[in-house]
Amino acid sequence: MEDLDRFEPGTHTFSGIVRVWTTNTAEVVTDSGLVVFLDTRGQPPLPAGTRIAIETRKYRPCHFVTKVALK
């Protein structure tokens, strides 16, 4: 039977600055300058400019946030 998990194996960790954070999506500019598009369902909203570290699970074309820590 085909694996039904829509996520790629493993997690990804990023740190950076929140550019936009809405109820369901967010954009974070990482410390290396990469803009990461996030699925934030189930996470509390954060104001733009907040420095964070996040743990994600990847599925195309975005990352699902599993953990957020303020830095």
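**Group meeting: a predicted five-stranded barrel**

A polar contact of 2.3 Å joins the side chains of aspartate 39 and arginine 41. I begin with this pair, and I shall return to it after describing the fold. Please keep in mind throughout that the structure before you is a predicted model.

Let me turn to the overall architecture. Five strands close into a barrel, in the order β1-β2-β3-β5-β4, and the pairing is mixed. On average, neighbouring strands of this sheet are turned by 55° against each other, with direction ignored. As general background, the strands of a sheet pair through backbone hydrogen bonds, in either a parallel or an antiparallel sense.

I shall now go through the individual pairings. β1 and β2 are antiparallel partners over 5 bridges, and a hairpin of 3 residues joins β1 to β2. Within that pairing, isoleucine 17 has valine 29 of β2 as its bridge partner. Valine 29 has a bridge partner in β3 as well, namely valine 35. The pairing of β2 with β3 is again antiparallel and runs over 5 bridges.

On its other side, β1 pairs with β4 in the antiparallel sense over 6 bridges. Two positions will help you to find this pairing on the screen. Phenylalanine 14 has isoleucine 54 in β4 as its bridge partner, and threonine 13 stands opposite glutamate 55 in β4. β4 also pairs with β5, the strand of residues 62-70, in the antiparallel sense over 8 bridges. There, the bridge partner of isoleucine 52 is leucine 70 in β5.

Next, the interior. Which residues form the largest nonpolar core? That core has 11 residues: Phe14, Val18, Trp21, Ala26, Val28, Val36, Leu38, Leu46, Ile52, Ile54 and Val65. The elements that give two or more residues to the core are β1 (12-21), β2 (25-30), β3 (35-39) and β4 (51-59). Among the contributors, β1 gives the most, with 3 residues. Two of the bridged residues that I mentioned, phenylalanine 14 and isoleucine 54, belong to this core.

Valine 36 is a useful residue from which to view the core. Setting aside neighbours within four places in sequence, valine 36 is in contact with Phe14, Ala26, Glu27, Val28, Thr30 and His63. Of these contacts, Phe14, Ala26 and Val28 are themselves members of the core.

I come now to the charged side chains. In general, side chains of opposite charge can pair when their charged atoms come close. How many salt bridges does the structure hold? There are 3 salt bridges.

One of them is formed by glutamate 27 and arginine 19, with the closest N and O atoms 2.7 Å apart. Arginine 19 counts as partly exposed, because its relative accessibility is 43%. Glutamate 27 also appears among the contacts of valine 36.

Another is formed by the side chains of aspartate 31 and arginine 51, at 2.9 Å from N to O. This pair links distant parts of the chain: aspartate 31 lies in the loop between β2 and β3, arginine 51 lies in strand β4, and the two are 20 residues apart. Arginine 51 has a relative accessibility of 32% and is therefore classed as partly exposed.

This brings me back to the pair with which I opened. Arginine 41 and aspartate 39 also meet in a salt bridge, at 2.3 Å from N to O. Is aspartate 39 buried or exposed? Aspartate 39 is buried, because its relative accessible area of 5% falls under the 20% cut-off. Its partner, arginine 41, is partly exposed, with a relative accessibility of 42%.

Aspartate 39 has its place in strand β3. Apart from neighbours within four places in sequence, aspartate 39 is in contact with Asn24, Tyr59, Cys62, His63, Phe64 and Val65. One of these, Val65, is part of the nonpolar core, and His63 is also a contact of valine 36.

Finally, a word on the segment before β1, where proline 9 is placed. Proline 9 counts as exposed, because its relative accessibility of 76% is over the 50% cut-off. How far apart are proline 9 and lysine 58 in sequence, and how far apart in space? They are 49 residues apart in sequence and 8.0 Å apart in space, from C-alpha to C-alpha.

Technical notes
Residues are numbered from 1 along each chain as its sequence is written. This is a predicted model: local features need pLDDT of at least 70, side-chain atom pairs count only at pLDDT 80 or more; totals for chains, interfaces and linings use all residues. Side-chain values use heavy atoms; hydrogens and water are left out. A nonpolar core is a set of buried Ala, Val, Leu, Ile, Met, Phe, Trp, Tyr and Cys residues joined through side-chain atoms within 4.5 Å. Buried means under 20% relative accessible area, exposed over 50%, partly exposed in between (1.4 Å probe, protein chains only). Helices (H or I, at least four residues) and strands (E, at least two) are DSSP runs, numbered from the N terminus. Contact means heavy atoms within 4.5 Å. A salt bridge is a side-chain nitrogen of Lys or Arg within 4 Å of a carboxyl oxygen of Asp or Glu. Two strands pair if DSSP finds at least two bridges between them. Axes are lines fitted to C-alpha atoms, for helices over the stretch in contact, and angles run from 0 to 180 degrees between N-to-C directions. A polar contact is a pair of N or O atoms within 3.5 Å; within protein, one must be able to donate a hydrogen and the other to accept it, and residues adjacent in sequence count only if both atoms are side-chain atoms.
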